[in-house]
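Open the model in your viewer and keep the selection panel handy. We will go from one selection to the next, with a short note on what to look for at each stop.

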Amino acid sequence: MLTAYDFPMAKLVDAAGIDAILVGDSLGNVVLGYGSTIPVTMDDMVHHVKAVARGVARAMVVGDMPFLSYHLSREESVRNAGRLLQEGGAQAVKLEGGAEVAGAIQAMVNAGIPVMGHLGLTPQSVHQMGGYKVQGKDEATARKMIDDALAIQEAGVFSMVLEGVPTPLAKLITEKLDVPTIGIGAGPHCNGQVLVTHDMLGLYGGVSPKFAKRYVQLSDQIMEALKGYKDEVENLTFPGPEHGFGMSEEVLDKLY
Ligand code: KIV
């Protein structure tokens, strides 16, 4: 799985043969310029899920449920999740949390909405976690994560993201579950992997986590192109004759 937030990137990720495209609320960090995912709204998500869905012919589109969109009541949670499918065109939703969101998951699944879970480093709880830190390093928190994984599996998730989880714990959770795990900073033993596309393509200028392997630094190539354009406009080498349109001399003569 990889993330996408707009039509052109969704087309590329889909064409690359990636199985699932997550319209993550990382949108807030890498596209909307917020310092966290917390300001992202349902309307933001619907807008971007729509754009992604229009670019996808093959992959499963998963829309992320933003902060507080699945906490206030079952009814509101189902209605919000439903918007990502009905208005956005997603095939599934993702939400963060363990046993405390099992009721919301169950209600969505009962309404026919496929739900992906997300445990470990859950960015919507950044203030509660005291920062973006690996989770489940001691016995109590590791046990709680195992219990949470089983609870949300029981509630009906079809899969779950494990983010920022020690490799051996992610392995153990993966072995205990019947549904597949998708890791990000959780080692190689998960059933699948996910990355934030802007991180792996080097498009995001902010701080990226250690686990976000950079496959290319596209920001350098973009900067070179932008400066090249500026230079060519300033020294009058762009546009050249091949970028313009002619007209007949006869018509032109009549205009003088
Ligand atoms: O919002 C997001 O992009 C995510 C991934 C990091 C899993 O939740």
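**A salt bridge to start from**

Select K94 and D64 and show their side chains: in this predicted model the two form a salt bridge, with 3.0 Å between the closest N and O atoms. Now colour by secondary structure. K94 belongs to strand β4 (residues 92-94) and D64 to strand β3 (residues 60-64), so the pair, 30 residues apart, links distant parts of the chain. If you search for other pairs of this kind, the count comes to nine salt bridges.

**On to the ligand**

Keep K94 on screen and add the ligand. The side chain of K94 has an N or O atom 3.0 Å from an oxygen atom of the ligand. Which other side chains should you select here? Take S26, where an N or O atom of the side chain is 2.5 Å from a ligand oxygen, and D25, where the corresponding distance is 3.1 Å.

Next, switch on a surface. The ligand taken alone exposes 260 Å², and the protein buries 96% of that. With pockets displayed, you will find the ligand in the largest one.

**The whole shell**

Finally, select everything around the ligand: T3, L22, G24, D25, S26, D64, K94, H118, V161, E163, I184 and V196. Both partners of our opening salt bridge, K94 and D64, are among these surrounding residues. Colour the shell by residue class, and how does it divide? You should see four nonpolar, four polar and four charged residues.

Notes
Residues are numbered from 1 along each chain as its sequence is written. This is a predicted model: local features need pLDDT of at least 70, side-chain atom pairs count only at pLDDT 80 or more; totals for chains, interfaces and linings use all residues. Side-chain values use heavy atoms; hydrogens and water are left out. A residue is near a molecule or strand if one of its heavy atoms lies within 4 Å of it. A polar contact is a pair of N or O atoms within 3.5 Å; within protein, one must be able to donate a hydrogen and the other to accept it, and residues adjacent in sequence count only if both atoms are side-chain atoms. Accessible areas come from the Shrake-Rupley method with a 1.4 Å probe; for residues, only the protein chains shown count as cover. On a 1 Å grid over the protein atoms alone, a cavity is a set of points where a 1.4 Å probe fits but cannot get out, and a pocket is an open set with protein on both sides within 12 Å along at least five of seven lines; lining residues have an atom within 4 Å of a point. A molecule sits in a cavity or pocket if more than half of its atoms lie within 2 Å of its grid points. Ala, Val, Leu, Ile, Met, Phe, Trp, Tyr, Cys and Pro count as nonpolar, Asp, Glu, Lys and Arg as charged, and the others, Gly among them, as polar. A salt bridge is a side-chain nitrogen of Lys or Arg within 4 Å of a carboxyl oxygen of Asp or Glu. Helices (H or I, at least four residues) and strands (E, at least two) are DSSP runs, numbered from the N terminus.
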